[in-house]
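Got your viewer open? Let's work through a few exercises together, each with a solution you can follow step by step.

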Amino acid sequence: MVKLIRQGVYYMDGRIVKEAQAFYTSDKKEKAEKNTLSYAILKAHNIGDEENLRIRFDAIVSHDITYVGIIQTAKASGLKEFPIPYTLTNCHNSLCAVGGTINEDDHVFGLSAAKKYGGDYVPAHLAVIHQYMRECAAKCGAMILGSDSHTRYGALGTLAVGEGGPELVKQLLRQTYDVRRPEVIAVYLKGKLRKGVGPQDVALALIRATFASGFVKNRILEFIGPGIAGLSMDYRIGIDVMTTETTCLSSVWETDDKTREYLKEHGREEDYREMKVAQPAYYDGAVTIDLSRVEPMIALPFHPSNAYTIREFLADPIPLLKAAEEQGRKIKGDDSFTLTDKVRDGKVYVTQGIIAGCAGGGYENVAEAAEILRGKSVGTGEFSLSVYPASQPVYKALTDAGYTSVLMEAGAVVKTAFCGPCFGAGDVPANNGLSVRHTTRNFENREGSRPGQGQLAAVALMDARSIAATAANGGVLTSALDYAYNKRIKKYKFDSKIYENRVYRGIGKPDPSEELVYGPNIADWPEQIPLGKHLLMKVVSVLRDPVTTTDELIPSGETSSYRSNPMKLAEFALSRKDPAYVGRAKAVAEEESSRRTTGALPEKILKELGGFCPAEGTIYGSVVVSNKPGDGSAREQAASCQRVLGGIANICKEYATKRYRSNLINWGILPFVCKQAGLKVGDYLYLENIADGIVSGEERFVAKVISRGATRDIVLETGALTIEERKILLAGCLINYNKELAK
């Protein structure tokens, strides 16, 4: 089904050839490296050298969890108008989960910013962020940067990247996105999918094959091969958006007449151009997928890579559910969480089905689900089915074609465009519930439960077709491959009037006379101090998980409503993994504040340091220690919450994603790596002349560890840092850096 080739390959004569078998000289290899789609797109947007890219994007996009912080940061750095097209969507905080006016206040702020600085504004419930960009902005050969990790428009020939908010701030200030030239992996598609197999099945098979080994981490996936021709655009889009879960940097596909037709249907045929790989092309590795062998898949809790074919799973579900159940019990902290009880009479029963968002809410996913449910019933028991079309145009097309009525008659609830089910702000299952979802992620607590309050539910990812088959079977988990239905669906019709009559189109039309409208929850970023000559750090949290997601660093769900208020949001930092973290971090911050006031560290700290005395010019901050942090969301708040609580560094064995490490740097947090730190909560670390080392380009620093009177040395490494990143760390954060530039 999926095979990995862990060596260089050539794409030549329509097939993949291993480098060792191609017998190409080095000069031919160098030329072939430039024949990829990725090389051409990156070159067209790069103002740096060949290896150290400095990218300027064609457009940027944010949703209502991120745009307030981005605009506030850019404003503090001197923003006058949006210099490139900026789209503000409202699909995450569409419901005010905490009550009051908080979310709608953010929306009013967003509209006022679009008017003042010249941007587009998409009101709540009109479209999820990525569907709107597919319909209205993505174009062949372009690059788009989004403050959401699932910013993926590769199926339309757009190289799109999801990053934390500070990277969008840089684009608004006409700075660049700096990255070493990424390696490129060919994803070679052949064969044709069988009826009942959908895009999520292909995506989960790809994620299962690549995630654990990190094979495509921070690389670009380039989709090529004869199998593309047999995939509709909705299928390509559905596969493409899930590439984020492989931890790749971005993705791009060859384009064809189907791409042209999609853009034409959306009134943008001029944005099409054929994009074909010039052969021979050299890739740093390859993934081959035989689409004819892909089966319906299920990703069990608590990660999209925990995937199996539904056939494999149903053949012996107890051991697989038992493993997830044990993980859930560790999360919850007791033995009350159950998954094995979902197996009854040899069948697996689920309690909820969801088809939603940028992955599941596409027209064809929903239409085929409706055909499977035609004349059926989801039943009157515990099982429920909710469907969220990805945009109002998709909703209208489904309604005009009669599919909405079919779903409603079957007992499904059809709702407006909203990303809530993807991050725990909508359709939270009951305690001990098992939900099957065609959404993007199934991390622990991602569905909205609160283990600290004795709650835990779980999500398994599946394709819309198998979810519909499960619904038609009353909640008994069922593969769509085994289900008889009419796969032929009516052609999609896009109605542009929906956006014409509701979206505020302000790109290129700033009005400086407009005032930003602030709600009472919207607050400025607190001031951050520059890095001192020397650094004393106290370990305030040690996370033992093999991988720590951004959902665990700062929970999603209703906490997202506070993202416009940095200090309020910070109260939730690590609340589900280390509830004592906030108190410990605040104590360090208060001690540092006292040091700045009195000029000396508090006696309590000096006593704990024993006979060791830090040199003059030492600043004091907290540090979080973990194994592999940052998998998942692009949210900058996973870093900024640590910073506003006095955090000065992270120490880990490796970073799960580039975007989390970038977020740390942009918030002035030193991104240290140490394979064998052996640190405990309460330990101190002292780094002498850290500022000089950062200035001079050092990447290795010797830190003195003071632990209960004993001292030892460890080596901390930052990895490669650009000149700008070093300056940001020295300044204390991106805001400070930009203020210095403006002087």
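## Exercise 1: a covered helix

In α25, the buried residues are Lys658, Arg659, Tyr660, Arg661, Ser662, Asn663, Leu664, Ile665 and Asn666. Keep in mind that this is a predicted model.

**Task.** Work out how many residues of α25 are buried, and find which residue with a positive phi follows the helix.

**Solution.**
- Step 1. Go through α25 residue by residue, using under 20% relative accessible area as the cut-off for buried.
- Step 2. You end up with 9 of its 9 residues buried, so α25 is mostly covered.
- Step 3. Now move past the end of the helix: α25 is followed by Gly668, with a positive phi near 75°.

## Exercise 2: another helix, and what comes after

**Task.** Do the same for α7: how many of its residues are buried, and which residue just after α7 takes a positive phi?

**Solution.**
- Step 1. List the buried residues of α7: Gly165, Pro166, Glu167, Leu168, Val169, Lys170, Gln171 and Leu172.
- Step 2. That is 8 of its 8 residues, and α7 is mostly covered.
- Step 3. Just after α7 comes Arg174, with a positive phi of about 65°. Arg174 is not a glycine, and its place is in the loop between α7 (165-172) and β10 (177-180).
- Step 4. Check the accessibility of Arg174: it is 33%, so the residue counts as partly exposed.

## Exercise 3: an arginine in a strand-to-strand loop

**Task.** Is Arg708 buried or exposed, and where does it lie?

**Solution.**
- Step 1. Place the residue: Arg708 sits in the loop between β33 (700-707) and β34 (710-717).
- Step 2. Read its backbone: phi of Arg708 is near 55°, a positive value in a residue other than glycine.
- Step 3. Relative accessibility comes to 79%, so Arg708 counts as exposed.
- Step 4. For a sense of distance, pick Thr548: Arg708 and Thr548 are 160 residues apart in sequence and 28 Å apart in space, C-alpha to C-alpha.

## Exercise 4: two cis bonds

**Task.** Look at the peptide bonds from Gln279 to Pro280 and from Pro301 to Phe302. What is omega near in the bond from Gln279 to Pro280, and what is omega near in the bond from Pro301 to Phe302?

**Solution.**
- Step 1. From Gln279 to Pro280, omega is near 5°, and the bond is cis. Pro280 belongs to the loop between α10 and β14 (281-283).
- Step 2. From Pro301 to Phe302, omega is near 15°, and this bond is cis as well. You'll find Phe302 in the loop between β16 (297-299) and β17 (307-309).

## Exercise 5: a helix pair

**Task.** How do the axes of α9 and α10 cross, and which residues meet there?

**Solution.**
- Step 1. Two packed helices are described by the angle between their axes and the distance between the axes.
- Step 2. Here, the axes of α9 (residues 233-241) and α10 (residues 257-265) come within 10 Å and cross at roughly 95°.
- Step 3. Angles of 65 to 115 degrees count as roughly perpendicular, and α9 and α10 are therefore roughly perpendicular to each other.
- Step 4. On the α9 side you'll see Met233, Arg236 and Ile237, meeting Lys258, Thr259 and Tyr262 of α10.
- Step 5. Sort the contact by class: 3 nonpolar, 1 polar and 2 charged residues.

## Exercise 6: the empty spaces

**Task.** How many cavities of 30 Å³ or more does the structure hold, and what lines the largest cavity and the second largest cavity?

**Solution.**
- Step 1. Count them: there are 5 cavities of 30 Å³ or more.
- Step 2. The largest cavity has about 200 Å³ of space. Among the 20 residues lining it, His63, His92, Asp148, His150 and Arg446 are the closest to its centre.
- Step 3. By element, α6 (129-136) and α17 (420-423) each give two or more residues to that lining. By class, the lining of the largest cavity has 6 nonpolar, 9 polar and 5 charged residues.
- Step 4. The second largest cavity holds about 60 Å³. Its lining includes Val161, Gly162, Tyr177, Lys658 and Arg659.
- Step 5. β9 (159-162) and α25 (658-666) each give two or more residues to the lining of the second largest cavity, which divides into 4 nonpolar, 4 polar and 3 charged residues.

Key: Residues numbered from 1 in each chain as written. Predicted model: local features only at pLDDT ≥ 70, side-chain atom pairs only at ≥ 80, totals over all residues. Heavy atoms only, no water. 1 Å grid on protein atoms, 1.4 Å probe; cavity = no way out; pocket = protein on both sides within 12 Å on 5 of 7 lines; lining within 4 Å. Points joined across faces, edges and corners; volume = space filled by probe spheres on them. Helix = DSSP H or I, 4+ residues; strand = E, 2+ residues; numbered from the N terminus. Nonpolar A, V, L, I, M, F, W, Y, C, P; charged D, E, K, R; others polar. Axes fitted to C-alpha atoms, helices over the stretch in contact; angles between N-to-C directions. Parallel < 35°, antiparallel > 145°, perpendicular 65-115°, else oblique. Contact = heavy atoms within 4.5 Å. Buried < 20%, exposed > 50% of the residue type's maximum accessible area, 1.4 Å probe, protein only.
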